[in-house]
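Colleague: Hello! I am new to reading protein structures, and I would love some help. Could we go through one together?

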Amino acid sequence: MASLNKVMIIGNLGRDPEVSYTPSGLAICKFSLATTDVRVDRNSGERTERTEWHRITVFGKIAESCGRFLAKGRQVYVEGRLQ
């Protein structure tokens, strides 16, 4: 049977991305992405929010672009796989 490991997240950056480089020169960018789920209770009408934080790691040229163009508070779409 085949398997699938794919994730798509749209959220807001919690802080500026951190870019570092391996000894071989490969760029690594790490940042935290927040997604918020809003629910309304049917009986009381009370609104509740639940925020989840996702730690994202990006490698190579895309990591360099993330470090250059992303900043705290920006909305970001991330597509990849869980590892």
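Modeller: Gladly! Let's begin with one pair of side chains: T35 makes a polar contact with H54, side chain to side chain, at 2.8 Å. Please keep in mind that this is a predicted model.

Colleague: How do I read that distance of 2.8 Å between T35 and H54?

Modeller: A polar contact is a pair of N or O atoms within 3.5 Å. The T35 and H54 side chains, at 2.8 Å, make such a contact.

Colleague: Where does T35 lie?

Modeller: T35 is part of strand β3, which covers residues 27–40. Setting aside neighbours within four places in sequence, T35 touches I9, I10 and G11, and also R50, T51, E52 and H54.

Colleague: Which residues is S32 in contact with, leaving aside its neighbours within four places in sequence?

Modeller: S32 also has its place in strand β3. Its contacts, with those neighbours left aside, are N12, L13, G14, R15, W53, H54 and R55. So H54 appears in the list for S32 and in the list for T35.

Colleague: Is S32 buried or exposed?

Modeller: For this we use a cut-off: a residue is buried when its relative accessible area is under 20%. S32 has 15% relative accessibility, so it counts as buried.

Colleague: And what about G45, which sits in the loop between β3 and β4?

Modeller: Residues over 50% are exposed, and those between the two cut-offs are partly exposed. G45 has a relative accessible area of 45%, so it is partly exposed. Across the protein, 25% of the 83 residues count as buried.

Colleague: How far apart are the C-alpha atoms of G45 and F69?

Modeller: They are separated by 40 Å, with their positions 24 residues apart along the chain. For the whole protein, the C-alpha atoms fill a box of roughly 60 × 40 × 15 Å along the principal axes.

Colleague: Which elements make up the protein, and in what order?

Modeller: There are one helix and five strands. Starting at the N terminus, the order is β-β-β-β-α-β. The protein is more spread out than a compact globule, because its radius of gyration is 16 Å, well over the 12 Å that the globule rule gives for 83 residues.

Colleague: What share of the contacts with a separation of 6 or more joins residues 24 or more positions apart?

Modeller: That share is 57%.

Terms used. Residues are numbered from 1 along each chain as its sequence is written. This is a predicted model: local features need pLDDT of at least 70, side-chain atom pairs count only at pLDDT 80 or more; totals for chains, interfaces and linings use all residues. Side-chain values use heavy atoms; hydrogens and water are left out. Helices (H or I, at least four residues) and strands (E, at least two) are DSSP runs, numbered from the N terminus. The radius of gyration is taken over C-alpha atoms; the globule rule is 2.2 Å times the number of residues to the power 0.38. Buried means under 20% relative accessible area, exposed over 50%, partly exposed in between (1.4 Å probe, protein chains only). Contact means heavy atoms within 4.5 Å. A polar contact is a pair of N or O atoms within 3.5 Å; within protein, one must be able to donate a hydrogen and the other to accept it, and residues adjacent in sequence count only if both atoms are side-chain atoms.
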